[in-house]
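Me: I'd like to go through the empty spaces and the ligand site here. Can you tie each label to its cut-off?

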Amino acid sequence: MDQNLQNILKHFDVHVNPSAYGNGHINDTYRVEAKPGYILQKINKNVFHDPVAVMENIKGVTDHLRTKIIEAGGNPDRETLTIVNTIDGKPYYKADEDSYYRMYLFIDGAVSYDIVENPMQLYHAARAFGNFQNLLADYPADSLHEVIVNFHNTKSRYEDFKKAVEEDRAGRAKYVQDEIKFVLDREADASVIVDDMAAGIIPLRVTHNDTKLNNVLLDEKTGEGVCVIDLDTVMPGSLLYDFGDALRFGGSSGAEDEKDLDKIWFDLEKFEYFTRGFLETLPSITKRELELLPFSVKLMTLECGSRFLADYLNGDTYFKTHYADHNLVRARTQFKLVADIEDKHDKMMCIVKSIREDL
Ligand code: ADP
Ligand code: GN1
Ligand code: MG
């Protein structure tokens, strides 16, 4: 076994072999199969410049969730992440300036999905994400560190994208002129939610900000939501970010890195299932938020596609990639979805209205 990891684990008083685990794009994740089991993660320092602040956020949020889960008669070790401290009593172990590790209890009997197998998975995921927002509605937002500045600020993301095109650090812009134009043509979209938030029309809430389907664990047997994980980006934001980002991923007909674009479209049935679960748990949603639900799916998909393309242009320094043009393949699926969502926007709005009337 990796000597380095073995030494790290000793600081958590764990002496069992870990193995690489999961399909996240950011952190290095390992599973320790023992009783109890653990998840060991090396926090990506290139993405999270201040891992101590990340862990302070996660500690605060999970303590808050724990209290609420206990009050409701639930099982806090299963329904939220449980940080395992080091033998020195710290919520992370710093091996060196660039190497911060943390440990969580492994949540048994629950699975995360990289692709939707059945639309009910989206219904249950939506309820889990909606419930997560509800439980954090009274969390003191001011106490959260902004661990990635302007994470979903689509205007500032747009500027980052333009900078990546101008700098063209990896010399790849010449291969992707059509994709670059696709993003540049949609500049006006970038300000819609951000401007309404600045004007106080859309409320600031404590949100998850990375609501990919594989960031929620569903019960192996019942399929119901068990635990929302990957809490690195919990920060003040908009409900629309969580809704849009979840459907960016979960509403697609295929994988985020599907190479055959004929297999990629936006699936209205999946949209309906997720929307129902989300609206059932979040009756306090405002009129403007409701109006923007379909648009948010487009915007979050465009944002993510432009981030993949910017990373491709920058030479693949942010997201984990497994082959040379992996980020480009991912960007193309996102743009295919954006175009399809634009065509289906009005149908999506009708679905939102009819679900709302049912509730
Ligand atoms: P990343 O930030 O790289 O996406 P995640 O925190 O999402 O990392 O973890 C990667 C994967 O590991 C998740 O998709 C999930 O399958 C699994 N995982 C993470 N934490 C736990 C946990 N406490 N119990 C069980 N599985 C987990
Ligand atoms: C990353 O960590 P992970 O794999 O759940 C990214 C998200 C992107 C997503 C795209 C901190 O999520 O913002 O939407 O990849 N997380 C961070 O798949 O940048
Ligand atoms: Mg993840």
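Reply: Let's start with a term: on a 1 Å grid over the protein atoms alone, a cavity is a set of points where a 1.4 Å probe fits but cannot get out, and lining residues have an atom within 4 Å of a point. The model is predicted, and totals for linings use all residues. Residues are numbered from 1 along each chain as its sequence is written.

Me: What makes Asp 114 and Lys 270 part of the lining of the second largest cavity?

Reply: Each has an atom within 4 Å of a point, so both are among its lining residues, as are Phe 249 and Leu 213. That cavity has a volume of about 50 Å³, where volume is the space filled by probe spheres set on the points.

Me: Why is the contact between Asn 27 and ligand 1 called polar?

Reply: A polar contact is a pair of N or O atoms within 3.5 Å. A backbone N or O atom of Asn 27 lies 2.9 Å from an oxygen atom of ligand 1, so the pair qualifies. Asp 230 qualifies too, with a polar side-chain atom 3.0 Å from a ligand 1 oxygen.

Me: How do you know how much of ligand 1 is buried?

Reply: Taken alone, ligand 1 exposes 550 Å², and the protein buries 96% of that; the areas come from the Shrake-Rupley method with a 1.4 Å probe.

Me: What is the volume of the largest cavity, and which residues line it?

Reply: Its volume is about 90 Å³, and the lining includes Arg 157, Tyr 158 and Glu 303.

Conventions:
Chains lettered and ligands numbered in written order. Predicted model: local features only at pLDDT ≥ 70, side-chain atom pairs only at ≥ 80, totals over all residues. Heavy atoms only, no water. Polar contact = N/O pair within 3.5 Å; in protein donor to acceptor, adjacent residues only side chain to side chain. 1 Å grid on protein atoms, 1.4 Å probe; cavity = no way out; pocket = protein on both sides within 12 Å on 5 of 7 lines; lining within 4 Å.
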